[in-house]
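The questions below work through one helix and one sheet, and each answer is reasoned from the coordinates.

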Amino acid sequence: MAQWDVLVEAAVARLVSTRRLYGTRLISLAPPPALPETFPGPRPWDRGGKEIRLDHATLNKWLAEGGEANGQEEEVGEKLILFSSNDYLGLSSHPAIREAAAKAAKEFGMGPRGSPIICGYTTYHKLVEESLAELTKKEDCFLCPTGVSANMAVMTALGSISSLLAIGRKPTKDERIAIFSDALNHGSIIDGIRLVEQQQQAVSFVYKHCDMSHLDFLLSSCSIEKKVVVTDSLFSMEGDFAPLPQLLKLRRKYGFLLILDDAHGTLVCGDNGGGVPEMFECENDIDIYVGTLSKAAGCLGGFVACSTTWKRLLQSRGRSVIFSTTLPVPVVASIHAALHVAREEQWRRSLLWRHVQYFASLTKLDITSPIISIVVGSEEAALRAGSHMLRSGFHVTPIRPPTVPPNSCRLRITLSASHSSDDIKRLAEALTPWLPNKHGKPSFSKGHAEQSFAASSKL
């Protein structure tokens, strides 16, 4: 939005005038080798990322938490099928990613160890930023050590705008930034908002999960001029999508800055892996795009895709990144390889979404993504369910507070292109006690979204 372009440019100009605008010092490394080999379908190494063994002590503890007696762990099979990982495309075990990391480590070690504004920014980092900007159709990109640090950097840079423009004093309440946040946003977004509120740079408002009527009411009731809406695109515990078409209508109505955390959508959604904005054909309507490289990319890291002006602000005010050591060069090399493989092996995305459809057909659950959340209620019920899944040969972690509100504990299941149809069929059979009964009614409470709003309505 034009108003925000003016604000960010003014904040950057203020940094320039006070000599507090920082940039990176690019260190040149030999270019990466030729693009890696890709494959037309699954290979044996894909299974390697999904078949695991638990440490004996961990197995004992897990069974004990579920009320199982000691000594029964011998009944659990040696191999478990992993249904808890966010490795949606199965890239973490791909030979191209492994080889890229190994070659870079052999040639450069871990690379320069420093923050991006000191000595940690290399031509490898720049190459990955350019690739991610192209993927998300943004002007520029800011590479971060993790997705958490990316969200924190965005929030602190955002909050700094009100302080920079106040010049020498605390911003008044009307000069602060009004941040509107979905009730089920990721914890790193919430922590970032808390931080800028504590600094008296912003005021927060929490709207009910995906409730655009509630958001509309809050926006219309707020007199603060500088408005921001931040939301997950694909919610990590619910598995549902933010209503982007309705959000964009409100954006046109109120002119707010729209920040999207697409951690679970990057490389998963869209024909080219451009994420949820590509799926909804609205890339140009997202002002700031936050993504991760620790999930579908199968590596480590986070990033912020944005305008060059926003990147300049992030480099100077994104404290969680500028006070952190950058990603090691071997990790960055593996990311570069992963982005190439994800682009070339499009069958991985297609297979993943076929798995989603297959699981839905088997369970009759109304699911729309590779994240399946089956709410079982109490912590005790969740732990028993987790033990049952363990005995059935599956690693499915029970999710409990503080990750979710009390009495909305759940089994969180994630599907991957590395799973087979047989894996998914066996999983559905093991989940039978928690699936809808013959009348179509689930055996668990559906009030968890309302509980979550009540728990997070005060950031």
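Q: Which elements are included in what covers the buried residues of α1?
A: In this predicted model, the buried residues of α1 are Trp4, Leu7, Val8, Ala11, Val12 and Leu15. The elements that cover these residues include α6 (147–166), β4, β6, β7 and α11 (308–317).

Q: Why are the buried residues on the same side of α1?
A: An α-helix has 3.6 residues a turn, so residues three or four places apart point the same way. On the other side of α1, Ala2, Val6 and Ser17 are exposed. The buried residues, which include Trp4 and Leu15, are on the same side of α1 because the arc they cover around the axis is only 130 degrees.

Q: How far apart are the end C-alpha atoms of helix α1?
A: Helix α1 takes in residues 2–17, and at 1.5 Å a residue its 16 residues should span 22 Å. The distance between its end C-alpha atoms agrees with this expectation, at 23 Å.

Q: Which strands are the edge strands of the seven-stranded open sheet?
A: The order of the strands in this sheet, whose pairing is mixed, is β3-β9-β8-β7-β6-β4-β5. An edge strand pairs on one side only, and this holds for β3 (140–144) and β5 (202–207).

Q: Which residue in β5 is the bridge partner of Ser181?
A: Strand β4, residues 177–182, pairs with β5 in the parallel sense over six bridges. Helix α7 (residues 187–198) lies across both of these strands, as well as β6 and β7, and runs at about 145 degrees to β5. In β5, the bridge partner of Ser181 is Val206.

Conventions
Residues are numbered from 1 along each chain as its sequence is written. This is a predicted model: local features need pLDDT of at least 70, side-chain atom pairs count only at pLDDT 80 or more; totals for chains, interfaces and linings use all residues. Side-chain values use heavy atoms; hydrogens and water are left out. Two strands pair if DSSP finds at least two bridges between them. Helices (H or I, at least four residues) and strands (E, at least two) are DSSP runs, numbered from the N terminus. Contact means heavy atoms within 4.5 Å. Axes are lines fitted to C-alpha atoms, for helices over the stretch in contact, and angles run from 0 to 180 degrees between N-to-C directions. The expected span of a helix is 1.5 Å times one less than its number of residues. Buried means under 20% relative accessible area, exposed over 50%, partly exposed in between (1.4 Å probe, protein chains only). The arc is that of the directions from the helix axis to the C-beta atoms.
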